[in-house]
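Let's take a walk through this fold, starting from one aromatic residue and working outwards. Keep the viewer open and follow along.

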Amino acid sequence: DLEISDGIPPAAISFLEEVKAADGIVVSLAEYNGLHTSAFKNLWDWLSRVDGQQIWQNKPMLLLGTSPSQRQESNVMQVSKHLFPFFGANIIGAFHLPSFNHYFKENSIVNEEFKARFDIELNKFQAFINQQ
């Protein structure tokens, strides 16, 4: 009904234009009740009304996520890694930091193993962008 009466929200169209203009996309995933936040899902739904299955425009993507739990990967990260390619994402790298409050201090990852994993994924993404 909103689409019929008001059309696609201008903010959604503007966001899609930013995606189209980008060399790559970094998505930092927040989790709410095990899945994407309602704000992100709402944006996703509107974007799918504009360009259907090509929300991410086949742009290189780096997925990031964290959570307070010790699980090695959050539900939202698992779902996104599986789902995003169906909507035009070219996932080049992905990193999830478990136990955020334990491993992130003073604006940095303090665990050397997780820091090394993050650096690997970030470097992989940056190298891909630089090759284009």
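What you're looking at is a predicted model, so keep that in mind as we go. A handy place to start is W44, which is buried, with a relative accessible area of 8%. Its partner in what follows, F84, is buried too, at a relative accessible area of 0%; for both residues the label applies because the value falls under the 20% cut-off.

Now for the rings themselves. With ring centres allowed to lie within 6.5 Å of each other, the model has nine aromatic pairs. In one of them, the rings of W44 and F84 have centres 5.0 Å apart and planes at 40 degrees, so this pair counts as tilted. The two residues come from distant parts of the chain, 40 residues apart: W44 belongs to helix α3 (residues 38-51), while F84 sits in the loop between α4 (75-83) and β5 (90-97). Zoom out a little and you'll find that W44 and F84 belong to one aromatic cluster together with F40, W56 and F87.

Compare that with F100 and F104. Their ring centres are 4.9 Å apart and the planes make an angle of 20 degrees, so this pair is stacked; the label applies because stacked pairs have planes under 30 degrees apart. As for accessibility, F100 is partly exposed at 30% relative accessible area, and F104 is partly exposed at 29%.

On to the sheet. How many strands does the open sheet have, and in what order? There are three, in the order β1-β4-β5, and the pairing is parallel. β1 (25-29) and β5 stand at the edges with a single partner strand each, so one side of each has no neighbour in the sheet. From one strand to the next, the twist averages 15 degrees.

You can trace the register through individual bridges. β1 and β4 pair in the parallel sense over five bridges. In β4, I25 has M61 as its bridge partner, and V26 has L62. On the other side, strand β4 (residues 60-66) pairs with β5, again in the parallel sense, over seven bridges. There P60 is bridged to N90 in β5, and T66 is bridged to L97 in β5. Six of the seven residues of β4 are buried, so the strand is largely enclosed by the rest of the structure.

How does the chain get from β4 to β5? Together with α4, the two strands make a right-handed β-α-β unit. Helix α4 lies across β1, β4 and β5, running at about 170 degrees to β5. Helix α6 (residues 112-131) also lies across β1, β4 and β5, and its angle to β5 is about 165 degrees.

For a closer look at β5, pick F95, which lies in that strand. Is F95 buried or exposed? It's buried, because its relative accessible area is 7%, under the 20% cut-off. If you set aside its neighbours within four places in sequence, F95 is in contact with L63, L64, G65, M77, I109, F114, R117, F118 and E121. Three of these contacts, L63, L64 and G65, fall within the residue range of β4. There's also a separation worth checking in your viewer: F95 and E73 are 22 residues apart in sequence and 8.5 Å apart in space, C-alpha to C-alpha.

Finally, come back to α3, the helix that carries W44. Two packed helices are described by the angle between their axes and the distance between the axes. Helix α2 (residues 10-21) packs against α3 at an angle of about 75 degrees, with the axes 9 Å apart. α2 and α3 are therefore roughly perpendicular to each other, a label that covers angles of 65 to 115 degrees. To see the interface, select A12, I13, F15, L16 and K20 in α2, which meet L43, W46, L47, V50 and D51 in α3.

Conventions
Residues are numbered from 1 along each chain as its sequence is written. This is a predicted model: local features need pLDDT of at least 70, side-chain atom pairs count only at pLDDT 80 or more; totals for chains, interfaces and linings use all residues. Side-chain values use heavy atoms; hydrogens and water are left out. Rings of Phe, Tyr and Trp (its six-membered ring) pair if their centres lie within 6.5 Å; planes under 30 degrees apart count as stacked, over 60 as edge-to-face and the rest as tilted. Helices (H or I, at least four residues) and strands (E, at least two) are DSSP runs, numbered from the N terminus. Buried means under 20% relative accessible area, exposed over 50%, partly exposed in between (1.4 Å probe, protein chains only). Two strands pair if DSSP finds at least two bridges between them. A crossover is right-handed if, with the strands pointing away from the viewer, the path from the first strand over the helix to the second runs clockwise. Axes are lines fitted to C-alpha atoms, for helices over the stretch in contact, and angles run from 0 to 180 degrees between N-to-C directions. Contact means heavy atoms within 4.5 Å. Angles under 35 degrees count as roughly parallel, over 145 as roughly antiparallel, 65 to 115 as roughly perpendicular and the rest as oblique.
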